[in-house]
Amino acid sequence: MTKEKNILILPGDGIGPEIMEQAVKMLEWVEENSALTFNIDHDVVGGASIDKHGIPLTKGVIEKAKKADAVLFGAVGGPKWSNVDFNNRPEIGIIGLRKELGLFANLRSAIVFDSLIQASSLKPEIIKGLDLMIVRESTGGVYFGSPRGIETLPDGTRKGINTEVYTSKEIERIARVAFELARQRQNRVCSVDKCNVMESGLLWKDVVTEIHQKEYSDVELSHMLADNCAMQLVRQPLQFDVILTSNLFGDILSDLAAMLTGSLGMLPSATLGVKQSNDVIPALYEPIHGSAPDIAGQGKANPLAQILSLAMMLKYSFNERQISEKIVNACKSVLDQNYRTLDVMSKGMKEVNTQQMGQFILDQLKNVN
Ligand code: NAD
């Protein structure tokens, strides 16, 4: 049975279009080699949208994104738009989309490919085989809670206020995302909070435990304090499968985990929303890196994070695990053959440009399958 999927492609700025071009090659291969067919729509966002429409995110793009089964996003921003009004900057393109689609769950994976193990600052025996996923709540917590602001006190000194707020509903919905994901992986969730010093952390732990008992008792659940988690990520990262955490802790821990892999150009991410009445979960897939204006247009960009974002889309939005794994394996295989873009280049390796890297991965897919 053919499965028809609507995909909105938003390459954005800087290296976005170059790396997206490589990902689209894989999409064409998927269409030829699976029961999926794609209705693909391309549009502009970020600086490219400012150039064309005067604003970084148009209503038209928002509507298309809402109708799509998934959005594949490149990156936005760059010095060309450094003088535009703050509320009209290119980054509003991605911030606005996340808001409009209600994307509350940010999924960031940290994977270490064997052939890039030397890029990590940790010892190979500690990092070998790393494949973890951080599920970060991304629309609540201290970044959005009120009261907030800076007040001047009667004695003339100032006070800065932010408030960590979580409702049980917000915790439940993000916990479900983590448990569902774990079922598709190694079936383990580690929930991270600061319940020893924060009431919101106490509630977090309670609600996660409750949902686990009621709906996900088949998944292994553990709890860890956020400070300990930071230490454990560096000491023994292989102990983790899915880490479930709040906006603030997720922000910090996901950057820490990303750096364990040593290469920004390799890491994909996803943000998910609430399941709609038509059973579609709004989802946006993008590399964790930015638009890298310093290397844009020079063929130096590593397209792997974008290609792996596509692999995530196939797995989590379209439930095509095998095809997704084939793409990941093709990436691994090309790295095993010692091909490298400049960002992960080392002595004795063969340097290739963005387009060549994409083509090698596609050739690998065609040859093996
Ligand atoms: P960046 O991630 O774009 O670049 C950081 C460094 O990593 C640069 O030296 C860059 O050349 C390198 N790099 C990044 N991706 C690479 C890749 N795929 N291959 C090879 N090298 C790569 O971060 P930045 O320089 O701080 O930001 C540049 C612009 O991107 C800014 O305008 C920022 O606001 C924007 N940004 C956008 C997003 C997004 O669209 N989601 C995320 C982060 C930053």
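Accessible areas here come from the Shrake-Rupley method with a 1.4 Å probe. Keep in mind that this is a predicted model.

**Exercise 1.** Find how much area the chain exposes and what share carbon and sulfur atoms supply.

*Solution.* Start with the total: the chain exposes about 16900 Å². Next, look at the atoms behind that figure: carbon and sulfur supply 50% of it. Then turn to the residues: 52% of the 369 count as buried.

**Exercise 2.** Work out why the chain is as compact as a globular protein of its length.

*Solution.* First, take stock of the parts: the chain has twelve helices and 14 strands. The radius of gyration is 21 Å, close to the 21 Å the globule rule gives for 369 residues, so the chain is as compact as a globular protein of that length. For the outline, the C-alpha atoms fill a box of roughly 65 × 50 × 50 Å along the principal axes. Finally, check the contacts between residues at least 6 apart in sequence: 74% of them join residues at least 24 apart.

**Exercise 3.** Decide whether K275 is buried or exposed, and say which residues it is in contact with beyond its neighbours within four places in sequence.

*Solution.* Begin by locating K275: it sits in the loop between strand 11 (268-272) and strand 12 (283-287). Now the cut-off: exposed means over 50% relative accessible area. K275 has 53% relative accessibility, so it counts as exposed. Last step: with neighbours within four places in sequence set aside, K275 is in contact with V280 and I281.

**Exercise 4.** Count the charged side chains and say how far apart the centres of the two sets lie.

*Solution.* Tally the signs: 39 side chains are positive and 45 negative. Then compare the centres of the two sets, which lie 1 Å apart.

Key
Residues numbered from 1 in each chain as written. Predicted model: local features only at pLDDT ≥ 70, side-chain atom pairs only at ≥ 80, totals over all residues. Heavy atoms only, no water. Helix = DSSP H or I, 4+ residues; strand = E, 2+ residues; numbered from the N terminus. Rg over C-alpha atoms; globule rule 2.2 N^0.38 Å. Buried < 20%, exposed > 50% of the residue type's maximum accessible area, 1.4 Å probe, protein only. Contact = heavy atoms within 4.5 Å. Lys, Arg positive; Asp, Glu negative; His and termini not counted. Charge placed at Lys NZ, Arg CZ, Asp CG, Glu CD.
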